[in-house]
Amino acid sequence: MIFARHIFFFSLTGILFGLAVTNWHSVNLALGLTLFFLGLALFGLGFYYQKSKWLFLLSALLGGLIFGFWRSSLLVSLDYTRCDIGEITLQGQVKSESTDGDFYQRLNFQADQWSEKILVSLPRDQEFKYGDRLIISGLLRRPSNFMTDQGREFDYQRYLAKDNVLCLLTAKQVQKIDDGNNLVTPFFKLKTNFLLAISRALPEPESTLLGGLVLGAKSGLDQDLKQAYTKVGLSHILVLSGYNISLVAAALTGVSLIFGSVLSFIFTTLGLAIFVFVSGGGAAAVRAGIMGVIAVLARSLGRPNKAGLVLLLTATIMVLLNPRLLNFDLGFQLSFLATMGIVYGPAMFKPRVERILKSNFWSETLVTTLGALVFTWPWLAYATGQVSLVALPANLLVVPLVSPLMWAGLALGALGLVSSFLALLFAWPIHLVLSLQIYLVWFFAAWPLAEISLGQFSFLWLLIFYGPIIYWAIRANKKSNQLARAIK
Amino acid sequence: MPRINWKIWRWYLLLIFIFMTTILWSLIWVKKPTNYLQISYLDIGQGDAILIDTPHHRQLLIDTGPNRRLLTSLSSVLPFFDRSLDLALITHQDLDHRGGLKDLIKNYQVDYEVASDKNVALPDLAFIPIYRGTKIDLGDGVIFEILSPSAREVENLASNDGSVTGILSYGQTKFLFTADLPSSRERYLVNQFGSKLKVDVLKVSHHGSKGSSDLGFLQVVKPTYAVISAGQNNRYGHPTTETLDRIKSVGAEILRTDQSGTIQFRTDGQELSFSSAK
């Protein structure tokens, strides 16, 4: 049984590696065939030397690798010359909610007869919603890569490509030809009113912050404050993550459990699907949601190894569906790593932490936070060139406040839909806690070494960092498994 | 049905009542009339947004800045449960003066929008047109008098030329608001109003651009303080050195939102004092 699991693990890892490599470098047929025959040879040898399971595992890895190559060879390369048309008039449909910039709003637009999407910038005076049909004229252009504040090149083309966005369009004229009313319109309306109710009850920036905590609402937070959240390693609470989702899932289950477990499961799944869809986070939110639920299941089942494998499988399926995620979606990468950390972290840290901390609540918070941090830190450093040195204390102080705030935010929004005066009375303590959170973020961000810049470093360093972490995770979890079995 | 434990519930109810009373009293405390007029030049980046708060808390907002940033700076000068404004005045149609209006009315109850240019009226807001000669009485003796544009001119003036310009007076103290008025219109005002333009605090026209703040105009206005509302490192290079030199030459102290953040003036009609966020 364990052997089958290992084989499975190695094939999945192979697939991920294969896709990762081909996202950067094209692999030719000769190399593919060589690896294929090498894999076959190893497999044969495995039968010959019956004792050595490593040969089988290696051939599984190679098999996965080749499968990954094959999948990415199916990817159609994007033809950016299509963006060079210049002035153009297009008819099509809005495929996202609009996000507010300082002077423009942006939305994803699916033009008729186009297989790719277009990211449109429009003036802020008109409002559009998901599903609206528009005629847009303006200037079509290629997305171009740019330098970030840290002096690194940001691959904007590939960043957009992961959402199948090919070109940018600055709209000069927009005409709405059809109101996009469909099944989900009422839910979007509910969400808009919900956020409006919150913003009537709380001032800025607290109201936007609460909207972000509850629904992952993206737009509107001050650039300075957003940067401060990133600096102290807390930006993850502003987006819809597995964490928010798991809380909503728990609530839905709690409410519906009286109808029996099957109906409750269906209700929870449907409710989550609507929640994730309406949050406007799109596919990213869906993926975060799935991973969040897996993490919760894993924690409640107490089987980290199986959960880790399920997580790996889920991630592999997601990446097979959209290979560009793997290399170009930092959100996806971090979601995956953080969930791994939440699954494997407790076994790594619990024995040490419990010696110092007696409180169950705090030790639980500490071990999951540590797990998520250890797994994401090296990757964040590699991807952004920045390392937050205050992430641990900031997370420990702020994250425990997030779930009560989420509940309070849900209640406040619901109350505000009924009466804005009542919401205003109820908002007072929430305002206090939110201000405290913002104060903590500013406080930690102001430390002289809150964040240090590492610049670009080699991928090899990353392997050197992750090697010991993975070894530690495996060993600690083996130990805790043995312990669990012994107790049984 | 489990029986309700009234002994515990009594305490909960008591707590809730104490909580409600505290909130109600703090509402009353914050809304308590003061004896001073407060004027806040909000730090909203490149643009204008100025909040006038009278002793009895009649609130007039002159312009809304370019975007949502208005909301953050507004809540830094208002108590958190004050979610209403009496008037929002839009001086002209440039986005750095009215871009935040839509966000404002989503978050605050605004009773009326006032402006000279009907094109800036939002459909969801009650609109009152204002022209030269209109006097807005904000109570407590606080009067905002519109100097420009006149009802006749308004159709024919280019955007900045049609900027709503007015004087706010309370007791002995006077504030002049000029939005984006260019030099030519400043000279026109000097011709029309002469020494009536003499004030204590001038909101420098057009974020300190070189095409505004005519020297002759500044010599007539002769402000003690000149407030410039501009964004940090804005791409227009506002305010320009020439303008700053002209303002200094009439002896005014220059205050800038890009350097000091939100700038607040307080006056009881006699004495004038100011403070800034940074």
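**Close-up views of chains A and B**

**View 1. Chain A as a whole.** In chain A, 73% of the contacts with a separation of 6 or more join residues that lie 24 or more positions apart. Please keep in mind that this is a predicted model. The chain holds 17 helices and 10 strands. Of its 488 residues, 46% count as buried.

**View 2. Helix α5 meets helix α6 in chain A.** Here we look at α5 (residues 185-201) and α6 (residues 206-215) of chain A, whose axes come within 9 Å and cross at roughly 140°. An angle over 145 degrees would count as roughly antiparallel, and α5(A) and α6(A) are therefore oblique to each other. As for handedness, the crossing of α5(A) with α6(A) is right-handed.

**View 3. The residues between α5 and α6 of chain A.** Let us zoom in on the side chains and backbone at this crossing. From α5(A) come Lys191(A), Phe194(A), Leu195(A), Ile198(A) and Ser199(A), and from α6(A) they are met by Ser207(A), Leu210(A), Gly211(A), Val214(A) and Leu215(A). Sorted by character, the residues of this contact comprise six nonpolar, three polar and one charged.

**View 4. The two faces of helix α7 in chain A.** Helix α7 spans residues 223-231 of chain A, and its buried residues include Leu225(A), Ala228(A) and Tyr229(A). They fall within an arc of only 100° around the axis, and therefore sit on the same side of α7(A). A handy reminder for reading this view: an α-helix has 3.6 residues a turn, so residues three or four places apart point the same way. Turned away from the buried side of α7(A) is a face that carries the exposed residues Gln223(A) and Asp224(A).

**View 5. The surroundings of helix α7 in chain A.** What do the buried residues of α7(A) pack against? Their partners are α6 and α16 of chain A, the latter covering residues 420-445. Helix α6(A) thus appears again, having already been seen in contact with α5(A). After α7(A) comes Gly233(A), with a positive phi near 70°.

**View 6. Chain B as a whole.** We finish with the partner view of chain B, where eight helices and 15 strands make up the secondary structure. Its C-alpha trace spans about 80 × 40 × 40 Å along the principal axes. Chain B has 278 residues, of which 54% count as buried. Among its contacts with a separation of 6 or more, 61% are between residues 24 or more positions apart.

Notes
Residues are numbered from 1 along each chain as its sequence is written. Chains are lettered from A and ligands numbered from 1 in the order in which they are written. Side-chain values use heavy atoms; hydrogens and water are left out. Axes are lines fitted to C-alpha atoms, for helices over the stretch in contact, and angles run from 0 to 180 degrees between N-to-C directions. Helices (H or I, at least four residues) and strands (E, at least two) are DSSP runs, numbered from the N terminus. Angles under 35 degrees count as roughly parallel, over 145 as roughly antiparallel, 65 to 115 as roughly perpendicular and the rest as oblique. A crossing is left-handed if the near helix is turned anticlockwise from the far one by less than a right angle, and right-handed if clockwise. Contact means heavy atoms within 4.5 Å. Ala, Val, Leu, Ile, Met, Phe, Trp, Tyr, Cys and Pro count as nonpolar, Asp, Glu, Lys and Arg as charged, and the others, Gly among them, as polar. Buried means under 20% relative accessible area, exposed over 50%, partly exposed in between (1.4 Å probe, protein chains only). The arc is that of the directions from the helix axis to the C-beta atoms.
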